[in-house]
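Colleague: I am new to this structure and should like to understand the terms used to describe it. May I ask how each of them is justified?

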Amino acid sequence: MNKTINVTRSSMPAFEEYCAEIRELWDSRWLTNQGVKHQALEAALRDYLGCEHLALHTNGHLALENLLEAFGLHQGEILTTPFTFASTTHAIIRSGCTPVFCDVEPETLTLDPRELERRLTKNTVAVLPVHVYGKLCDVDAIAEFGRRHSLPVLYDAAHAFGVSRDGVSSARFGDAAMFSFHATKVFHSIEGGLAVCRDADTLQRLNDLKNFGIHGPEEVPYVGGNAKMNEFAAAMGLCNLRHLDGEIEKRRRVTERYRTRLEGVPGLRLLPEQPGVRANYAYFPVLFEGYKYDRDQVFALLAAEGINARKYFYPLTNSFACFRGRPGFDPADTPVAAGAAERVLTLPLYADLSLEDVDRICDVILR
């Protein structure tokens, strides 16, 4: 009986390393509210990302909601993409704004900047693009559009931690960015998220918003929630950040083996590598376009062999049942994204995946 291969497996430090990291918490009993581990992780991330203004959160979704709030986005239309996780669209809806869906570029499956002008209206208040699978959006074209129309650009960079272009971190594109540190990500803090912005005033508001809107012991200037990262999560982040480059290198080897086995096979389309981009190898998507089996058949064949792939992203957020019948939520309006959602499968990818297991996965697909 072959062992089960899951689509992902969380990277973790040595047990002893994590125990050493959290040991002092038993002495201080300071377990949350921006303790020493929280402060140390923020400092390490400022250095790693080259960004001064950032705020840790309990997860990426709340970081995104707080960014929308910090930018005063309570109504109006936000240009975005349906080829994303539910969090992106739900954050826009929960903010009081309306998502306006742009189609994606076939090569990267990220927001097509040519769609922005076409979808722009007098009610547009922001742009919220998504870096997908660690592939960067066309950040230059999107930045130019934002400047021309005086619109803030907030990136959902949940997939893009550790990615850079020409030496510039993905955290430095746009007016703000959100990262997810969920356990399945390349870098994680068990659960966690990060909001990055460009100025001290926005950062102060982010820090207040994640603490019930409390600005000081006796000052609560606005309504906020609770999105503070605890010390145990921050300690896991500190440990994992030390090993991040090594984990990305292991993922690169897995990705190269997939490419060696699957590149050029008729009916299989792999997303190209981006020039000048240092990738994080977060996911390995394959699009089944005219292959001898369709995506769903391959998914089932892999599952029968104990290999758990993922239809990611399927369904599109503009086809969710919770939005059915709502104006503007029609996958036919975004045909490239709709086609990709029907054909894409992300194959298992994690640092500890053996090359033998990659071959096993590829053998199932190719036979």
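Modeller: Let us begin with Lys-228, which lies in the loop between helix H8 (200-209) and H9. Please bear in mind that this is a predicted model.

Colleague: Why is Lys-228 counted as buried?

Modeller: Its relative accessibility is 14%, and buried means under 20%; Lys-228 therefore counts as buried.

Colleague: Which residues does Lys-228 touch, not counting residues up to four places away in sequence?

Modeller: Lys-228 touches Thr-32, Asn-33, Thr-58, Lys-210, Asn-211 and Phe-212. In addition, the C-alpha atoms of Lys-228 and Ala-63 are separated by 9.9 Å, with the two residues 165 residues apart along the chain.

Colleague: Why is Gln-274 counted as buried?

Modeller: Gln-274 has 19% relative accessibility, and the cut-off for buried is under 20%, so Gln-274 counts as buried. This residue is placed in the loop between strand E10 (268-270) and strand E11 (277-278). Leaving aside its neighbours within four places in sequence, Gln-274 is in contact with Thr-108, Gly-134, Lys-135 and Leu-136.

Colleague: What makes the backbone at Gln-34 worth a remark?

Modeller: Gln-34 has a positive phi of about 55° although it is not a glycine. Gln-34 is found in the loop between helix H2 (25-28) and H3. Tyr-133 also has a positive phi, near 60°, in a residue other than glycine; its place is in the loop between E4 and helix H7 (139-148).

Colleague: Are Gln-34 and Tyr-133 buried, partly exposed or exposed?

Modeller: Gln-34 has a relative accessible area of 31%, and partly exposed covers values between 20% and 50%, so Gln-34 is partly exposed. Tyr-133 has a relative accessible area of 3%, which is under the 20% limit, and Tyr-133 is therefore buried.

Colleague: How do you know that the disulfide count comes to zero?

Modeller: A disulfide needs two cysteine sulfur atoms within 2.5 Å, and by this rule the count comes to zero. Consider Cys-97: the closest cysteine sulfur, in Cys-102, is 15 Å from its own sulfur, so the two are too far apart for a bond. For Cys-197 the closest cysteine sulfur is in Cys-51, at 9.3 Å, and that is likewise too far for a bond.

Colleague: Why are Cys-97 and Cys-197 counted as buried?

Modeller: Cys-97 has 3% relative accessibility and Cys-197 has 2%. Buried means under 20%, so Cys-97 counts as buried, and so does Cys-197.

Colleague: What order do the strands have in the open sheet of three strands?

Modeller: The order is E3-E2-E4, with parallel pairing.

Colleague: Why are E3 and E4 said to stand at the edges?

Modeller: Strand E3 (98-101) and strand E4 (124-127) each have a single partner strand, so one side of each is left without a neighbour in the sheet. On average, neighbouring strands of this sheet are turned by 35° against each other, direction ignored.

Colleague: What makes E2 and E3 a pair?

Modeller: Two strands pair if there are at least two bridges between them; four bridges join strand E2 (residues 77-80) to E3, so the requirement is met. The two strands run parallel, and Glu-77 stands opposite Thr-98 in E3. Helix H5 (residues 86-95) lies across E2 and E3, running at about 140° to E3.

Colleague: How is the packing of two helices described?

Modeller: It is described by the angle between their axes and the distance between the axes. The axes of helix H3 (residues 36-49) and helix H9 (residues 231-242) come within 8 Å and cross at roughly 35°. The residues making this contact include Leu-41, Ala-44 and Leu-45 of H3 and Ala-234, Leu-238 and Leu-241 of H9. By class, the contact has ten nonpolar, two polar and two charged residues. H3 passes H9 in a left-handed crossing.

Colleague: Where are the cis peptide bonds that join Tyr-312 to Phe-313 and Tyr-314 to Pro-315?

Modeller: Phe-313 is found in the loop between helix H11 (295-304) and helix H12 (335-343), and Pro-315 has its place in the loop between H11 and H12. Omega is about 20° for the bond of Tyr-312 and Phe-313, and about -5° for that of Tyr-314 and Pro-315.

Note on methods:
Residues are numbered from 1 along each chain as its sequence is written. This is a predicted model: local features need pLDDT of at least 70, side-chain atom pairs count only at pLDDT 80 or more; totals for chains, interfaces and linings use all residues. Side-chain values use heavy atoms; hydrogens and water are left out. Axes are lines fitted to C-alpha atoms, for helices over the stretch in contact, and angles run from 0 to 180 degrees between N-to-C directions. A crossing is left-handed if the near helix is turned anticlockwise from the far one by less than a right angle, and right-handed if clockwise. Contact means heavy atoms within 4.5 Å. Ala, Val, Leu, Ile, Met, Phe, Trp, Tyr, Cys and Pro count as nonpolar, Asp, Glu, Lys and Arg as charged, and the others, Gly among them, as polar. Buried means under 20% relative accessible area, exposed over 50%, partly exposed in between (1.4 Å probe, protein chains only).
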